[in-house]
Amino acid sequence: MDATLVRDTTRTALALLVFSVIGATLLSGTFGLTAPSIERSERAAKLKLIAQALPAGAYDNNPVADARSLPVDPLLGLKRPGMAYLAYRGSTPVAVALEVVAPDGYSGEIKLLVGIGADGALTGVRVTGHRETPGLADYIEIGKSPWIRQFEGKSRSTPAPDQWKVRKDGGAFDSMAGATITPRAIVKAVARALDYFEAHKAGLMPPKGT
């Protein structure tokens, strides 16, 4: 092979290698700088949703500071341990927000916070993450639609257990035209969370300090 060609090829390869290393270093540095900011933003958004899922003005503690771990359980849809955020007034538990997953959304898992009062009634449900179709499923997000608020005040007995379905399936809950799979998954996940609460209430809502 011609020596000049070899030399030019080597120089080109070295130049590409140098640019690749520089590019990777810059990307790594940028990620290192932006990752903490992204994490803070995500944490702030989640804290806001926790507050929305719990009854405003009914508690005087920091639910995040008093959070407890949730085990992997089919009723919660969790594949790894989650968290239960406890709300107290004094030492008395008044509500808890459970991390729940609806595994059967249209595009996969839908992550939820399900707030439940000591009386077993829902205090709020919020979507914390999903991969549903943009635009079509926007209504499940509280910032874009009040749809999710229809769960507030409901319990496992109100409506009756056989009514915990979307109206299209003969149940009591509204869905959106052309997007039945997503609300169906959320309704089922919330119902299962209420079942979990009833089965584990004593452990979920102990007096503070125990």
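Biologist: In the largest pocket of this predicted model, which element gives the largest share of the lining, and how many residues is that?
Modeller: The elements that each give two or more residues to the lining of the largest pocket are helix H1 (3-53), S3, S4 and S5. Within the lining, the largest share comes from H1, and that share is four residues.

Biologist: What is the volume of the largest pocket, and which residues lie closest to its centre?
Modeller: The volume of the largest pocket is about 380 Å³. Its lining is made of 18 residues, and those closest to the centre are Lys46, Glu99, Val101, Lys111 and Thr128.

Biologist: How do the residues of that lining divide into nonpolar, polar and charged?
Modeller: Looking at the lining of the largest pocket by residue class, one finds four polar residues beside the two other classes. The nonpolar class has seven residues, and the count for the charged class is seven.

Biologist: In what order do the five strands stand in the open sheet?
Modeller: The pairing in this sheet is antiparallel, and in general the strands of a sheet pair through backbone hydrogen bonds. Read across the open sheet, the order is S1-S2-S3-S4-S5.

Biologist: Why is one side of S1 and of strand S5 (122-130) left without a neighbour in the sheet?
Modeller: In the order S1-S2-S3-S4-S5, S1 and S5 stand at the edges, so one side of each has no neighbour in the sheet. The reason is that each has a single partner strand.

Biologist: How many bridges join S2 to strand S3 (residues 92-105), and which residue stands opposite Arg89?
Modeller: S2 and S3 run antiparallel and are joined by six bridges, and the two strands form a hairpin with two residues between them, where Gly90 in the turn has a positive phi of about 65 degrees. Along this pairing Ala87 stands opposite Ala95 in S3, while the residue opposite Arg89 is Thr92.

Biologist: Over how many bridges do S3 and strand S4 (residues 108-117) pair?
Modeller: A hairpin joins S3 to S4 through two residues, and among the bridge partners in S4 are Gly115 for Ala97 and Leu112 for Val100. The antiparallel pairing of S3 with S4 extends over nine bridges.

Biologist: Why is strand S2 (residues 82-89) largely enclosed by the rest of the structure?
Modeller: On one side, S2 pairs with strand S1 (residues 68-70) in the antiparallel sense over three bridges, with Arg68 opposite Ala84. A residue is called buried when its relative accessible area is under 20%. S2 is largely enclosed because, of its eight residues, the number buried is six.

Biologist: Which helix lies across S1, S2, S3, S4 and S5, and at what angle to S3 does it run?
Modeller: S3 itself is mostly covered, since 10 of its 14 residues are buried. The helix lying across the five strands is H2 (residues 181-204), and its angle to S3 is about 140 degrees.

Conventions
Residues numbered from 1 in each chain as written. Predicted model: local features only at pLDDT ≥ 70, side-chain atom pairs only at ≥ 80, totals over all residues. Heavy atoms only, no water. Buried < 20%, exposed > 50% of the residue type's maximum accessible area, 1.4 Å probe, protein only. Pairing = 2+ DSSP bridges. Contact = heavy atoms within 4.5 Å. Axes fitted to C-alpha atoms, helices over the stretch in contact; angles between N-to-C directions. 1 Å grid on protein atoms, 1.4 Å probe; cavity = no way out; pocket = protein on both sides within 12 Å on 5 of 7 lines; lining within 4 Å. Points joined across faces, edges and corners; volume = space filled by probe spheres on them. Nonpolar A, V, L, I, M, F, W, Y, C, P; charged D, E, K, R; others polar.
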